[in-house]
Amino acid sequence: MGEYAVEDMAEKPDEKHSTAKYRVLYDGQCEICQSCVAWLRTLDHENKTICLPISTEVLSMVDSRLRMDECLRQLHVLTPEDEIHVGWDAVASLARLFPSTWLIGVLGRRFPFRNAGRLLYGFVATNRYSLSKCRGGACRVAKPETVRRQARLGAFWSCYTMGFFIRLPLVLWAGIKAAIQRTSIFARTYHQRLDLLNGKLTILFLNGVLPNTVPLLFGELFTAIIYDGIAIDPGSPKMRRSLAQHLRRVKPKITKVVATHAHEEHVGNLNWLSEVSGAPIYVSEMTARFLTPFKKLPWVRATIIGQPPDLKQPFHLLGETIDGDSGRLEVIATPGHCDDHVVLYDPKEKVLLAGDAFMGSYFATPNPDVDSRKWLVSLERLMELDIEILVEGHGHIHTLRADVPDVPGVVIRENPKVGISQKLDYLRWLREQIEAGFQEQLPVRVIEASCFPWGRRTSWESCASDECIRLLSLGHFSRTELVRSFVRTNSDPLPTVYEIRLSGGE
Ligand SMILES: [Zn+2]
């Protein structure tokens, strides 16, 4: 895991103008050092500092006076004037750079604070390895044999928990910032409609009293998409009034009604929309099976999103293609998010209507029917397509194309293929983590923690939201499900060893 953990933080010493900055040399394998770097990054709005994980290469490049064992023992900071500050003095010199910590930095140079600071710093510096024996989640790059001998699970947890508590204010602040952002995107898209590509693509944002809690708490918007006459994923029964309002206003020409998969927020209005528009329904064979009858949802989901009715005849099964008004779309099976998932692809316009087959590059709280191994294969398949616009089923559009206007919170300016390949990298890394964890016979809770090393910014930034989702969905959507999503087999029951661990082997 070390590679990822450190890569997140590492900067290059030869970066342009780096000599005009304070260069901070830290131990990239120490949980405490990593936490402090996370703090530094948060305080340093003006990029006055550059953080460099210690390695022989980095030290020789930065300054020939630096010694490896000295740098590992305590913090070294090089000022733009090439002065070297060490230990507590280095902390104080950094503190003076930022308004909120300036006073600590100034007092920290004077008696008696300087002496107290040095004492405290010395204590933490000499004891940090006994506190964080697993070496901050970077275990696998440090000599794994030694680490395994040293790091009992108790040490792992003390280290992981400490990393969490040092970052707790940052975790909470990130949670608050994310909540504010979600609220503003929700308000901006409330009952809105987005017409793109000269009317070929319309996105209807769907709302409903209880469904609204989802975008507010989790950030997933609800949408129905109309592309070239094909209505895709028309929402749940509790969003029906919202959809009807849109239809009254827009009066779109709908020639087909399609579902990408059988999740409740996508399929609750299939028959209803087909009846009011006169357009036939198309679903995959597996989706049809899941919808007749629709299984009883857990009560939280049924209450918030709404239990969809069973799919009624008449409906058609999706083939390999489906005709829009002006061209033919490819229908591509993309299991992973769930087994029956399909996406629609317009090769002429290079548009991918991805449903839930993408869900952002980083997605840490999947639902219980996610199979991440299948998802990897599906994403590899999507990488073979030429995609310029990727439309997600929950209100995000990834594109660089200039004919799609900027819509904050909705349009994400990135090459869709870059997004997909980042997700692939992330899932591959997770697979490696989880496989290694099971091979080492670690308990599931430890494997889960090892998938979210604090050295990765996303681990603590999304921590508050992820745990909130776990709590409110009663564990249906959680980081634990992410681990489980890699050990799913074709027959639904979990492998025995996993079941034992889940049910108390911990
Ligand atoms: Zn879904």
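## A tour of two buried strands

Begin by selecting residues 193-196 and 201-206, which are strand 5 and strand 6 of this predicted model, and you will find them paired in the antiparallel sense over 4 bridges. Here helices (H or I, at least four residues) and strands (E, at least two) are DSSP runs numbered from the N terminus, and two strands pair if DSSP finds at least two bridges between them. Because this is a predicted model, local features need pLDDT of at least 70 and side-chain atom pairs count only at pLDDT 80 or more, whereas totals for chains, interfaces and linings use all residues. Residues are numbered from 1 along each chain as its sequence is written, and side-chain values use heavy atoms, with hydrogens and water left out.

Stay with this pair and select Asp195, which stands opposite Thr202 in strand 6; then move to the turn of the hairpin, where 4 residues separate the two strands and Leu197 has a positive phi of about 50°.

Next, show the side chains of strand 6: Leu201, Ile203 and Phe205 point one way, Thr202, Leu204 and Leu206 point the other way, and all are buried (under 20% relative accessible area, with exposed over 50% and partly exposed in between, for a 1.4 Å probe and protein chains only). Add strand 7 (residues 222-227), which runs antiparallel to strand 6 and is joined to it by 6 bridges, with Ile226 opposite Thr202.

Finally, select strand 1 (residues 22-26), which is largely enclosed by the rest of the structure because 5 of its 5 residues are buried. Strand 2 (residues 49-53) runs parallel to strand 1 over 5 bridges, and Thr49 is the bridge partner of Tyr22.
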